Amino acid sequence: MLGKRLNELRVARGLSLRALAKDAGVSPTLLSQIEREVTEPSLNTLRALSAVFGESMAALFLDPEAPSVWLSRPGERTQIIGPKGAVSYERLTRGNGPMEVLRAVFVPGQYSVAETVSHPSVECIYVIRGTMTVELAGVPHQVQAGEAISFDAIHAHRYVNHGHVDAEIILSVTPPIP
């Protein structure tokens, strides 16, 4: 689905693979592989592409023929691959709505991003198991299994597993990160 949508956006704007690759700071080969659905793009690549198109990342997954009800099944979900050392997310929502819900398992020492980020959204993280540290505006918040924390994501933030066991979370973002 992402490959087809990326191709639609690129063609609608009259961009060649090379032109889009240059604008996004990635290789034309990578874009071709994404369009052919040979590979999944990293989170950084998705951010770069959404910036070029002036769309949210969710818009890259927009399916105009999508049903109003969507059932998310294991093994059929889109993966959002983080950069080396960062966590990867499993998308639980369709990806084209006003809210994005992601699931992730952080191994000990793993983080969401190397440096804190901010964006105009509201985030809520629910910890299913383990303990997560939410670094928010320079203040660490320990969130235990069964607890949730929500905040205005305009404040610089990131998630880190400083524990000794895996930490599993559900993350909701509204609106999805542009």
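Helices (H or I, at least four residues) and strands (E, at least two) are DSSP runs, numbered from the N terminus. The model shown is predicted, so that local features need pLDDT of at least 70 and side-chain atom pairs count only at pLDDT 80 or more, while totals for chains, interfaces and linings use all residues. Residues are numbered from 1 along each chain as its sequence is written, and side-chain values use heavy atoms, with hydrogens and water left out.

**View A. The two sides of helix 2 (residues 17–24).** L20, A21 and A24 are buried, that is, under 20% relative accessible area, with exposed meaning over 50% (1.4 Å probe, protein chains only). These buried residues lie on the same side of helix 2 because they cover an arc of only 100° around the axis, taken from the directions from the helix axis to the C-beta atoms. R18 and K22, on the other side of helix 2, are exposed.

**View B. Surroundings of helix 2.** The cover over its buried residues includes helix 1 (2–12), helix 3 (28–35) and helix 4 (43–53). Just after helix 2, G25 adopts a positive phi of about 75°.

**View C. The largest cavity.** The largest cavity, a set of points on a 1 Å grid over the protein atoms alone where a 1.4 Å probe fits but cannot get out, holds about 170 Å³ of space. Lining residues have an atom within 4 Å of a point; of the 17 that line this cavity, L43, R47, Y89, L171 and I177 are the closest to its centre. At least two lining residues come from each of helix 4, strand 3 (100–106), strand 8 (157–160) and strand 9 (167–174).

Notes:
Contact = heavy atoms within 4.5 Å. 1 Å grid on protein atoms, 1.4 Å probe; cavity = no way out; pocket = protein on both sides within 12 Å on 5 of 7 lines; lining within 4 Å. Points joined across faces, edges and corners; volume = space filled by probe spheres on them.
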